[in-house]
Amino acid sequence: MSPDEIKALIRDVPDFPKPGIVFKDITPLLADVTAFRAIVDRLATWAEAARADGILAIESRGFIFGAALAARAGIPLQLVRKRGKLPRATVSVEYALEYGTDHVEVHADAIERGGRYLIVDDVIATGGTAAAVARLVAQQGAAVAACLFVLELDFLHGRDALDGIPVQSLINF
């Protein structure tokens, strides 16, 4: 299945979650077995080239793609969540939002010093969350091998926030 065929499955939902926003609904991609398999195949090709030691999947839709990719690539999956959602000791980083700040965290033993990690999420918009995860990886003495996304909203220039980290996205808007 081509990227254009996959892109045709994405639904625009106007004024969600608030007026003026056009939400890109990826649930049809998850419901279409052929499309989902094609997405995971493409992510796996990029993951193999990046030679990563693990995957850091960003809450929550990143978990879907990250888990499928980890199983396919045979590398460990770690979950990146909002503060207070993980059950054991964590490390976290604060990052700026349009109005205020937020935190992302991983279990304290999730990132090995000297390791190379893929950051996986469904969408890159402004890049703030992925950049925060990249900072968290660096703080733990590891490196980001690449960031992999299903969708990229080009007009928000999110990859600029990733400061030269390799970025791959299957579909661009």
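How exposed is D102, going by its relative accessible area? I looked this up first and found 21%, so D102 counts as partly exposed. Buried would need a value under 20%. A reminder to myself: this is a predicted model.

**Entry: K82 and D102**

Next I asked what D102 pairs with. D102 forms a salt bridge with K82, and their closest N and O atoms are 3.1 Å apart. I then traced where the two residues sit: K82 belongs to strand β4 (residues 77-82), while D102 belongs to strand β6 (residues 101-107). The pair links distant parts of the chain, 20 residues apart. I checked K82 for exposure too, and with a relative accessible area of 33% K82 is partly exposed.

**Entry: D12 and K24**

How many salt bridges are there by this rule? I noted a count of 7. One of them joins D12 and K24, where the closest N and O atoms lie 2.7 Å apart. I found D12 in strand β1 (residues 11-14) and K24 in strand β2 (residues 22-25), so this pair ties together parts that are 12 residues apart in sequence. D12 is partly exposed at 45% relative accessible area. K24 has 17% relative accessibility, so I wrote K24 down as buried.

**Entry: R61 and D122**

I moved on to R61, which forms a salt bridge with D122; here the closest N and O atoms are 2.5 Å apart. R61 lies in helix α4 (residues 61-73) and D122 in strand β7 (residues 116-124), so a helix and a strand that are 61 residues apart in sequence are tied together by this pair. Is R61 buried or partly exposed? My note says partly exposed, because its relative accessible area is 34%. D122, in contrast, is buried, with a relative accessible area of 4%.

**Entry: E152**

My last stop was E152, which I located in strand β8 (residues 143-152). Why does E152 count as buried? Its relative accessibility is 4%, and the cut-off for buried is under 20%.

I also wanted to know what the side chain of E152 meets. It makes a polar contact of 2.8 Å with the side chain of R159. Another polar contact, of 2.6 Å, joins the side chains of E152 and S169. Leaving out residues up to four places away in sequence, I listed what E152 touches: I124, R159, V167, S169, I171, N172 and F173. R159 and S169 are on that list, and I had already met both of them as polar partners of E152.

Key. Residues numbered from 1 in each chain as written. Predicted model: local features only at pLDDT ≥ 70, side-chain atom pairs only at ≥ 80, totals over all residues. Heavy atoms only, no water. Helix = DSSP H or I, 4+ residues; strand = E, 2+ residues; numbered from the N terminus. Buried < 20%, exposed > 50% of the residue type's maximum accessible area, 1.4 Å probe, protein only. Polar contact = N/O pair within 3.5 Å; in protein donor to acceptor, adjacent residues only side chain to side chain. Contact = heavy atoms within 4.5 Å. Salt bridge = Lys/Arg side-chain N within 4 Å of Asp/Glu carboxyl O.
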